[in-house]
Amino acid sequence: MNKIKAYLIIALVLGIVLLVLYPGRQLARTHVNERTAVSDHPLNCISCHVPISKNKLITKLINSDYYSPFNLVVDKDQKWMYVVAQDTDQLLVVDLETKRVHAKIKVGQHPHTVILDKAEEKLFVSNEWSDYISVIDAGLLEVVDEIPTGNGPAGILLDKNELHLYVVNAYGSDVSIIALKDKKEVRRLASGSNPTGISISPQGEEILVTGRRANLAAYNEPLITELTLINSNTQRALKKNVESAHIMENAAYTPDGDLAIVTLIRPKNQVPSVQVEAGWMMTHGIGILERDTGSITQFLLDEPNAYYPDPFDIAISPDGKKAFVSSSGVDMISVISIDSIRVLLKEKNLQRRKAYANNLDMSRKYILKRIKTGANPKGMALSSDGKKLYVAEQLNDKVSVIDTETLQLTSSIDLGGPIRISVARQGRRLFNNAAHTFQKQYSCYTCHPDNHEDGLVYNMAGKFMGRNMTNTQSLHDIGDTAPFKWNGKNQTVYKQDGMRFSTVLTRTEQFSYDDLDAISAYIMRGIQQPPNLVFNPTGELSPSQERGKLLYERSEDNFGNLIPESNRCVTCHPAPYYTDLKLADVSTLAASDDPILFDTPHLTNVYASAPYLHDGRAKTLEEIWTIYGTDDKHGYVNDMSKSELNDLVNYLKSLRNPTYDKQVPKIEKGSILFHN
């Protein structure tokens, strides 16, 4: 009897468990299917929810601090190497004899570039998110001064007499010239849009500044990005157009100074994206500026069926025979024969020369070798004798060392970063690598440099080609702003980057589920937005911005009439991300658009996201209303005076990431689910 009772109790418990678990499993299956748009993603709550948690304890447990080396410089005697650790806001001092980090020097936020003076007594570090240069005593290894700059200091160099420091301001799109004697800015020159790289000719009379974003233009107009050439004697600048290319990260002059070489990307954004299968979506290369004629000829790094995306830095050997280019998207260094390039530059037929830029078979004529590196090679530095090339592996926390004579990777310097690879770190590697794109044509970073957007409008693959043009959206602050895409059809990042992503964009196999979890975690929680240094560095609004805020939040027009709640700025764009996460009709459909509603975009750092509207029609925030919003269906503004509209726009430009207004957990680092 007792046995029977025991069996009955066990059966009852099992029955209750089954009744609870089966419906629970079904609910979980439904939830995961809805989040991922597939029916076989593993039912693992931890793999999805833990890496994207905002809980302070959880984030502390799963996170690690990576160095993420970005740029570097080596002293003449090859005793010391100085490495910018971008994620820890430090300059690492590496002993090249022991290959160990000797010291860590705290600098400003998000450091970009480090340089040494000729006497090797001082180091200068640009701090892109802090608007100043850290001056470091190379003997004491201490910060001894801070020099204010423009907005977003990136590339830096000293002029030939070391009287002036030239600072490229990425966010301000200009160049600060600072007199080192009194550490004051003496001149500021306009440059191309979003510049980062800077190089000086061997004789020191010319300084070249690269530009990354193309000039704003209508969708069907040619793509043009500007280089800036500065005469260091007169401190005057002129601009040079580069056609059909952008994202020119860095530059270098040949030792005799007759050529300047820049890295570049050639986007085919006006061609339907189905062309990725034909090798015609994105190509990558270099531009050669011949200083005697001023002509620019473009050459591809790519070859048939193999691409070398996201070229970042360039270094030229002291004898002028070889150029080394780091391709961050495929973890590769391309070695270029400059003599072979010179032969091709002798072509007198301009049409044939122009065709070089679209000929994938040309690279075999000047590429000497491809050298594999660790994850995400960025800045490079040659030793003074030119025999060694040091390469910063940003997502590997190492520096690779290449023998420039044998063209072999001979060693690697471990900077001592965390051994474990977190979920978000793995996601960041995937984001920056082109391995999941057909023939490795481009990475996520290619269209989203700095996790932002490239400022281009694309002809995306769809039912009808040439319809529904798409303005690239920033990935800053999107973790809590679902749904995604301009039409809001992807309710989660998992859907955005899963099967639909591989079908429409990469034209290859979708991410494995582990990788999909990782890249989703990185996009949702691992991307930090820069501070709004240009229009709101401190959180204190200007009088114009204060007036604009009142207009943004108003409920009545200038005549005392009630503005419908649905047509008020603040209704659709409430803080903290300035989006209500809903779809809306704001009367901006074009003749080439399907009849759809649009997802309300967030507005943090909106000043940096031109052009505007879903198809990039509006070159400025003003044009949203003065040209494309005259019917008052995209917010009620037509009662405003010109000065009032200016105030409103100034307020919009002040909007920034809410983390700069309140303390929240800093998230990007990691978890223990991936290992080296």
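## A buried pair: Glu290 and Arg353

Glutamate 290 is buried in this predicted model, its relative accessible area being 11%. The cut-off for that label is a relative accessible area under 20%, and arginine 353, at 12% relative accessibility, therefore counts as buried too. The side chains of these two residues, arginine 353 and glutamate 290, meet in a salt bridge, with an N to O distance of 2.5 Å.

The contact links distant parts of the chain. Arginine 353 belongs to helix H5 (residues 350–355), while glutamate 290 lies in strand E19 (residues 282–290). The two positions are 63 residues apart.

## Salt bridges elsewhere in the model

Side chains of opposite charge can pair when their charged atoms come close. Across the whole structure, a search finds 25 salt bridges. One of them brings together the side chains of glutamate 226 and lysine 239, at 3.5 Å from N to O. This pair also links distant parts of the chain: glutamate 226 sits in strand E15 (residues 224–231) and lysine 239 in strand E16 (residues 236–243), with the two positions 13 residues apart in numbering. Glutamate 226 has a relative accessible area of 15% and is buried, whereas lysine 239 is partly exposed, with a value of 40%.

A further salt bridge joins arginine 364 to aspartate 361, where the closest N and O atoms are 3.0 Å apart. Arginine 364 counts as exposed, because its relative accessibility is 59% and the exposed class begins over 50%. Aspartate 361, at 38% relative accessibility, counts as partly exposed. Salt bridges that share partners also join Asp87, Asp397, Arg425 and Arg428 into one network.

## A four-stranded sheet

What is the order of the strands in the open sheet of four strands? The order is E9-E10-E11-E12, and the pairing is antiparallel. Strand E9 (153–158) and strand E12 (184–190) stand at the edges. Each has a single partner strand, so one side of E9 and one side of E12 are left without a neighbour in the sheet. From one strand to the next, the twist averages 25 degrees.

The pairing of E9 with strand E10 (residues 164–169) is antiparallel and runs over four bridges. Within this pairing, leucine 157 has tyrosine 166 of E10 as its bridge partner.

Key. Residues numbered from 1 in each chain as written. Predicted model: local features only at pLDDT ≥ 70, side-chain atom pairs only at ≥ 80, totals over all residues. Heavy atoms only, no water. Pairing = 2+ DSSP bridges. Axes fitted to C-alpha atoms, helices over the stretch in contact; angles between N-to-C directions. Salt bridge = Lys/Arg side-chain N within 4 Å of Asp/Glu carboxyl O. Buried < 20%, exposed > 50% of the residue type's maximum accessible area, 1.4 Å probe, protein only.
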